[in-house]
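Open the model in your viewer and keep the sequence panel beside it. This tour tells you what to select and what you will find there.

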Amino acid sequence: MAASVVPQQVADEAGYYRMAADDLHHKTGLPVTTIRQRLAEQPALSAKLKDFREALGDRSAGSWLDSLGDGRAHVGVLDRADEDRATKNGLVPHRVRYATAQLDRVKAALDEVGKRQVMPPNSAWSVDTRANRVSLELSARQPGGLSVQQAARKIFTAAGLTQQEQARVRVDTSRSTLSRHGLVGGDDIQVGGNDCSAGLGILQGDNSTYILTAGHCGNVGDSAWRNDGGTIGTISEKVFGAEGDYALIGVRTPTSWRPFGNLQKGSPEGTFNTYKGWVTQSQLPDLESMYACGSGRYLRWECGSVVDSNASMTDEHGVTTNGLVRAINMRSQHGDSGGAVMWGGMGLGTIVGGNGQGVTYIQPVARVIDAQPGRRLLDWQKW
């Protein structure tokens, strides 16, 4: 993957690769041109690895892209035959113990515990592809004075995990608080008296337009106003719980005002409010270690690594949400909720929470769009 220039065919009208490379250059020390090249190649490599995993079927054991390390695509394999197959396809094989399907079953069992809202506060769980385990992160401060080990056993029992399945889980201890970040990010808006954030635009059918924000920002029927005092509309749909964390603000008379903006970094308001052109597709990255970039009032503009696209968290108030994207080295905090996250020139989702120490949770916009037929991302410039 080593390269010195970005391919000429890579469109970068909004400056995504330029600004992403600038942020990642300061983090890694890699040349900007190399980073831009690798970011531009991520979608194609993702498709290649997806084909490889699908070819393996039940023997698939995960994959990841070390974009800013060795720049190569890696796969987990269970035997020598698949190891040879990976090498012939130009992939770096790693012999592992568990197939992805085995880990996914354990993760799904933990999801069910979360859906019953009985996970202890400040918990998080996801499939750690590189470690070939399910990672269960528990707070060092457990309710009732339980130890982390006692809490883990209680969770395993609630999930109905066998001893063999429990061996697939790595239990980690954290002293961080998992909170819903909010409520200001991107463009400032007011929802029911709360400071919130305008996210990506969504079109339903031919003429119903919405602004996406975090579900914990308000309730159905709450009015929303622009930061200049003008009316946006009201929340028409809210999901907050196990199935997601998002709300759709129905835009009243969208042709009477026009959202617009350009890439902003370090502006006086600390905002990032351009969702033009290149954020008109939604796609979940199915490849761990790909880089994505987010925006928010305090985050400004920062890129991190996607480590799971089906993660779960139980926040400090005990509310569990499944199906989130987990990113690391993206230092969001209170005030960043609702900020847009992009990868490879595609809309990824909306910041909804994190631990304040580099782990950020993102509501995938693809799942919002898939929830109703006829939805698609809307270019703000075409409103």
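The stops below run from the whole chain to helix pairs, then to single residues.

**Stop 1: the whole chain**

Keep in mind throughout that this is a predicted model. Show the chain as a cartoon. It has 7 helices and 21 strands. Now colour by burial. Of the 383 residues in the chain, 56% are buried. Next, consider the contacts with a sequence separation of 6 or more. Residues 24 or more positions apart account for 63% of them.

**Stop 2: helices α2 and α3**

Select residues 32–56 for α2 and residues 80–88 for α3. How far apart are their axes, and at what angle do the helices pack? The axes are 12 Å apart, and the angle is about 155°. Angles over 145 degrees count as roughly antiparallel, so α2 and α3 are roughly antiparallel to each other. Their crossing is right-handed.

Now show side chains at the contact. From α2, pick F52, A55 and L56. From α3, pick D82, R85 and A86. By class, the residues of this contact are 4 nonpolar and 2 charged, with no polar ones.

**Stop 3: helices α4 and α5**

Move to residues 100–115, which form α4, and residues 148–159, which form α5. The axes of α4 and α5 are 9 Å apart, and the packing angle is about 95°. That angle falls in the 65 to 115 degree range, so α4 is roughly perpendicular to α5.

Which residues meet here? On α4, select A109, L110 and V113. On α5, select I155, A158 and A159. This contact has 6 nonpolar residues, no polar residues and no charged residues.

**Stop 4: Q117 and N329, two positive phi angles**

Pick Q117, in the loop between α4 and β4. Check its backbone: phi is near 55°, a positive value in a residue other than glycine. Is Q117 buried or partly exposed? Its relative accessibility is 34%, so Q117 counts as partly exposed.

Jump to N329. This residue sits in the loop between β17 (320–328) and β18 (340–343). The phi of N329 is near 65°, again a positive value in a residue other than glycine. With a relative accessible area of 44%, N329 is partly exposed.

**Stop 5: N132, an asparagine in a loop**

Select N132. Its loop runs between β4 (123–128) and β5 (133–139). The relative accessible area of N132 is 5%, so this residue is buried. What does N132 touch, once residues up to four places away in sequence are set aside? Show V96, R97, Y98 and L103.

**Stop 6: I211 in strand β11**

Go to strand β11, residues 208–213, and pick I211. Its relative accessibility is 2%, so I211 counts as buried. Add I232 to the selection. The two residues are 21 apart in sequence, and their C-alpha atoms are 8.9 Å apart in space.

**Stop 7: N355 and its side chain**

Zoom in on N355. It lies in the loop between β19 (346–354) and β20 (359–364). Is N355 buried or exposed? At 12% relative accessibility, where buried means under 20%, N355 counts as buried.

Turn on the side chain. A polar atom of the N355 side chain lies 2.8 Å from the backbone nitrogen of Q357. The N355 side chain also reaches the backbone nitrogen of V359, at 3.2 Å. Now hide the neighbours within four places in sequence. N355 is in contact with S176, T177 and L178.

**Stop 8: V359 in strand β20**

Follow that 3.2 Å link from N355 to V359. V359 is in strand β20. Its relative accessibility is 11%, so V359 counts as buried.

Select what surrounds it. Outside the neighbours within four places in sequence, V359 is in contact with R326, A327, I328, M330, G353 and G354. Finally, add Q333. V359 and Q333 are 26 residues apart along the chain, and their C-alpha atoms are separated by 9.6 Å.

Definitions and conventions. Residues numbered from 1 in each chain as written. Predicted model: local features only at pLDDT ≥ 70, side-chain atom pairs only at ≥ 80, totals over all residues. Heavy atoms only, no water. Axes fitted to C-alpha atoms, helices over the stretch in contact; angles between N-to-C directions. Helix = DSSP H or I, 4+ residues; strand = E, 2+ residues; numbered from the N terminus. Parallel < 35°, antiparallel > 145°, perpendicular 65-115°, else oblique. Left-handed = near helix turned anticlockwise from the far one by under 90°. Contact = heavy atoms within 4.5 Å. Nonpolar A, V, L, I, M, F, W, Y, C, P; charged D, E, K, R; others polar. Buried < 20%, exposed > 50% of the residue type's maximum accessible area, 1.4 Å probe, protein only. Polar contact = N/O pair within 3.5 Å; in protein donor to acceptor, adjacent residues only side chain to side chain.
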